[in-house]
Amino acid sequence: MSDTDPARFATHFAAPRGFRQAYVHEGAGGVPVVCVHGWPETKRIFWRVIEPLADAGFEVIVPDLRGFGESELGPDGFHDVPAHSHDLYALVHDHLGHEQVVLVGGDLGGPVIQDLALRHPEWVERMVLFNSPLPYDKERMAGLRSRPAREASDYFVRQGTDPDGLAAELDTPEQRRRYIATFYTSRFWAHPGAFVDPAEPPGRFGGSAVVDFHTEPFASAASLRASFGGYESVFDPAARSEAPLLTRNDRTPTLVLFGPSDHVLYPDFDRMAAAVFGRHVGPFLLRDCGHFVPWEAPHALVSGTQMMAADLLAARRSSPVSRG
């Protein structure tokens, strides 16, 4: 089945927090792994790793965050990191009943899984983190290149300080999708050619059917505006449901991966991450990979996650329940 088939995996829905949240759920009975997308992404960014992770023995849970993809908007109007964090705990712990999990995330999903690991330290057994915002440690990060290129930050400021104005300018589905397409193409977030598949027909947005696949969920005006919430919360205290937990973590074993072709993130992301995760593995740099690690380097993400959870997978395989 094609990587760009929206129906490749069944979508499930639950509403433990008062809104309808969409998620993919494959490999029931395995080690629970929760894959958390970033911006401008949906659960579709994990389409290339869901089946391999399930085949490796994981129970794969891939939600659309509130306001993204097939999930409804947050009923309280918040779309910041703590809101997403509480949503995922309610979905995976309360609704699906998992007492411990492995978390995987990058971009916006990175702060979300970091918040979850600090908020629920006994629940999060391992983390796999890539190309993500990090807490800033002035002393440990002294001398590191900790600021992204200024020319790459215009979108961040606009989405954070004038989200309504930007949303009003993007007043048709086509304009909204073309805006999102730039992040997969001309803004140099991805490694060159990462979102062009010669086997796929040409697309309408960015010249690629692969880009079309990832931009389609952002055609909705409400979804696009809600997706700016994470940026808005950086600048406007009124857009924060509460303070996020984003600080050093010395407890959770964390695999750090870095796609260095990414021009929007800190140039020294790998070294910065090593400075704030006391129990880190790596960091490992991924050749010919940029910001969108699950799509650009699926084998590295799957094999790395499998390595980090090798003992958990072995224990699950040997347990009486897993043997049936």
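Okay, Gln21: in this predicted model, Gln21 has a relative accessible area of 1%, so with the cut-off for buried at under 20% it counts as buried. You'll find Gln21 in strand E2, which covers residues 21-26. And who does Gln21 touch? Leaving out residues up to four places away in sequence, the list starts with His12, Phe13 and Ala14, goes on to Pro63, Asp64, Leu65, Arg66 and Ser71, and finishes with Asp87, Leu88 and Leu91.

Keep Phe13 on the screen for a second. The charged end of Arg20 sits over the ring of Phe13, and the distance to the ring centre is 3.6 Å.

Now, Leu88 came up among the contacts of Gln21, and Leu88 is also one of the H2 residues that meet H3. So let's go to that helix pair. H2 runs over residues 81-95 and H3 over residues 109-119; they pack at an angle of about 65 degrees, with axes 9 Å apart. The crossing of H2 past H3 is right-handed. From H2 you have Val81, Pro82, His84, Ser85, His86, Leu88 and Tyr89, and across from them in H3 are Pro111, Val112, Asp115, Leu116 and Arg119. Sorted by class, that contact has seven nonpolar residues, three polar and two charged. If you're looking at the spacing on the helices, remember that an α-helix has 3.6 residues a turn, so residues three or four places apart point the same way.

Just before H3 there's a backbone oddity. Asp107, in the loop between strand E5 (101-106) and H3, has a positive phi, near 50 degrees, and it's not a glycine. Is Asp107 buried or exposed? Buried, with a relative accessible area of 9%.

There's a second residue of that kind, Phe188. Phi for Phe188 is about 65 degrees, again positive and again not a glycine. Phe188 is in the loop between H6 and H7. With a relative accessibility of 51%, Phe188 counts as exposed.

On to the aromatics. The count comes to 24 aromatic pairs. I'll pick out two. Take Phe68 and Phe218: the ring centres are 6.3 Å apart and the planes are at 90 degrees, so that's an edge-to-face pair. Why do I like this one? Phe68 is in the loop between strand E4 (58-63) and H2, while Phe218 is in the loop between helix H7 (209-215) and helix H8 (221-227), so the pair ties together parts that are 150 residues apart in sequence. Phe68 and Phe218 are both buried. The other pair is Phe183 with Trp189, also edge-to-face, with 5.0 Å from centre to centre and 75 degrees between the planes. Phe183 and Trp189 are buried too.

Phe183 takes us to another glutamine, because Phe183 is in contact with Gln159, which at 0% relative accessibility counts as buried. Gln159 lies in helix H4, residues 154-161. Setting aside neighbours within four places in sequence, Gln159 is in contact with Trp39, Leu166, Tyr179, Phe183, Phe228, Tyr231 and Glu232.

For contrast, look at Gln175, in helix H6, residues 173-184. Gln175 is partly exposed, at 35% relative accessible area. Not counting residues up to four places away, Gln175 touches Glu169 and Leu170. The C-alpha atoms of Gln175 and Ala219 are 8.2 Å apart, with their positions 44 residues apart along the chain.

Back to Trp39, which we just had as a contact of Gln159. Trp39 is joined to Pro40 by a cis peptide bond, omega about 0 degrees. Pro40 is in the loop between strand E3 (31-36) and helix H1 (50-55). There's a cis bond from Gly282 to Pro283 as well, with omega near 0 degrees, and Pro283 is in strand E8.

E8 brings me to the last stop, helix H10. How many of the eight residues of H10 are buried? Six, so H10, residues 269-276, is largely enclosed by the rest of the structure. The buried ones are Phe269, Asp270, Met272, Ala273, Ala275 and Val276. What do they pack against? Three strands are listed there: E6 (124-130), E7 (254-258) and E8 (280-285).

That's it from me.

How values were computed. Residues are numbered from 1 along each chain as its sequence is written. This is a predicted model: local features need pLDDT of at least 70, side-chain atom pairs count only at pLDDT 80 or more; totals for chains, interfaces and linings use all residues. Side-chain values use heavy atoms; hydrogens and water are left out. Axes are lines fitted to C-alpha atoms, for helices over the stretch in contact, and angles run from 0 to 180 degrees between N-to-C directions. Helices (H or I, at least four residues) and strands (E, at least two) are DSSP runs, numbered from the N terminus. A crossing is left-handed if the near helix is turned anticlockwise from the far one by less than a right angle, and right-handed if clockwise. Contact means heavy atoms within 4.5 Å. Ala, Val, Leu, Ile, Met, Phe, Trp, Tyr, Cys and Pro count as nonpolar, Asp, Glu, Lys and Arg as charged, and the others, Gly among them, as polar. Rings of Phe, Tyr and Trp (its six-membered ring) pair if their centres lie within 6.5 Å; planes under 30 degrees apart count as stacked, over 60 as edge-to-face and the rest as tilted. Buried means under 20% relative accessible area, exposed over 50%, partly exposed in between (1.4 Å probe, protein chains only). A charge sits over a ring if NZ of Lys or CZ of Arg is within 6 Å of the ring centre and within 35 degrees of the ring normal.
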